[in-house]
Amino acid sequence: MARVPKTEALTLRQLGKPQTGGTFARGEEDRELVKRAQKEDKQAFETLVMRHQNRVFAVAGGILRNREDVEDIAQQVFLKAYFSIKRFDQRAAFSTWLYKITVNECWDLLRKRKVRPLVFEAELSQEQTQAYQASSEQSDGRPDTSEQLAARQQVEELMSCLDERDRTMLVLKEVQGFSVEEIAEIMEINANTVKVRLFRARQKITERVRRRRGAER
Amino acid sequence: MGYLMNRESGNCRKLLEALDALATGRNIRLSAEHWRAELPPDEAEHAMVCDACRAALEEFAETRNALAAMKVEEAGPWFTARVMAAIAAKERED
């Protein structure tokens, strides 16, 4: 069995801060780590990676549908963050800056491919279907069950009525739990616009859910 | 119904804000009635009497339920090491 490499990243204890779970404390710890990373302290940056990697994966996973793409983009995000961290002035939270990079990297990838990211299994060849299912493995390598895959397929179908921007907003809000203000900052739009678009996105999803329910009866 | 966003009613606006502030119940399917009970008392009461707000609450619940099955990606155990190795490689390259 493969062994996880021992990390030399700093623990919170080494940072000399109490291990509190509050957002404010977390933000303060990030600020300190960023300052150290700006002085080329790699351990500090490694700690930042560990603290934020799951959220970056979750955000990218909400926009892209392929596990490999999510991993590649997540790596790209942290590389970009590392090489531009000296220019980051800490006016915004490090997390917001990082998620903004994540969203932009995902959209760039989708734009480069110039294809709709959404594909349904029914439209795929047998070979492509196998590749899709392989990409649907859980992070621990176990494949998803067929029920999980079917449920996710249904979610994808429902979400296909939304454009990429609205989809991203809805996932950030309803799945990832970001606040309207955070989404506005990440996507660089007005908070009221986020509210209106979320409201309309919910309407569209509901309409689809009800239509599907009606068709099943 | 869209018209809820344009309405000047302070109560309708407050209800939408209260809905946006509700915590995400990941992977859990909950009814509109459950979410109504989570709202502050004034907004919960308003949702009972205002058709547009009741519909907004139902849409909120439908959407959350529909998205409950959405997969949330997580980093694998090697990810941090992979990033740090990529940084080192890039630095050597430059």
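Biologist: Which residues touch the most other members of the largest nonpolar core?

Modeller: In this predicted model, that would be Ala60(A), Ala74(A), Val77(A), Leu98(A) and Met169(A), out of 50 residues in the core.

Biologist: And which element gives the largest share of this core?

Modeller: Helix 2 of chain A, with 10 residues.

Biologist: Where does this core lie relative to the domains of chain A?

Modeller: Between domain 1 (8-118) and domain 2 (160-217), because both of them give residues to the core.

Biologist: Back to Ala74(A) for a sec. What does Ala74(A) touch, leaving out residues up to four places away in sequence?

Modeller: On its own chain, Gln53(A), Val56(A), Phe57(A) and Ala60(A). There's also a partner in chain B, namely Ala75(B). Ala60(A) is another of the core residues I listed for touching the most other members.

Biologist: What does the second, separate core include?

Modeller: That one has 13 residues, including Leu16(B), Leu39(B), Leu57(B) and Phe60(B).

Biologist: OK, domains again. How many residues of domain 1 are in contact with domain 2 in chain A?

Modeller: 12 residues from domain 1, and they meet 11 residues of domain 2.

Biologist: Which elements give two or more residues to the domain 1 side?

Modeller: Helix 2 (42-63) and helix 4 (94-113) of chain A. Helix 4 of chain A has the largest share there, 6 residues.

Biologist: What's the makeup of that side by class?

Modeller: The domain 1 side has 9 nonpolar residues, plus 2 polar and 1 charged.

Biologist: Switching to the chain interface. How many residues of each chain are in contact there?

Modeller: Chain A brings 38 residues and chain B brings 34.

Biologist: Which elements of chain A give two or more residues to that side?

Modeller: Helix 2 turns up again, along with helix 3 (67-84), helix 6 (146-159), helix 7 (164-175) and helix 9 (191-216) of chain A.

Biologist: And how does that side of chain A split by class?

Modeller: You get 21 nonpolar, 10 polar and 7 charged residues on the side touching chain B.

Biologist: Last topic, chain B by itself. How many helices and strands are there?

Modeller: 6 helices and 0 strands, so to speak a plain α-α-α-α-α-α pattern along the sequence.

Biologist: What percentage of chain B counts as buried?

Modeller: 33% of its 94 residues.

Biologist: And what share of the chain B contacts with a separation of 6 or more comes from residues 24 or more positions apart?

Modeller: Those account for 68% of them.

Methods. Residues numbered from 1 in each chain as written. Chains lettered and ligands numbered in written order. Predicted model: local features only at pLDDT ≥ 70, side-chain atom pairs only at ≥ 80, totals over all residues. Helix = DSSP H or I, 4+ residues; strand = E, 2+ residues; numbered from the N terminus. Buried ≥ 20, exposed ≤ 12 C-beta atoms within 10 Å, placed from the backbone. Contact = placed C-beta atoms within 7 Å. Nonpolar A, V, L, I, M, F, W, Y, C, P; charged D, E, K, R; others polar. Core = buried A, V, L, I, M, F, W, Y, C linked by C-beta atoms within 7 Å. Domains from an automatic or database assignment.
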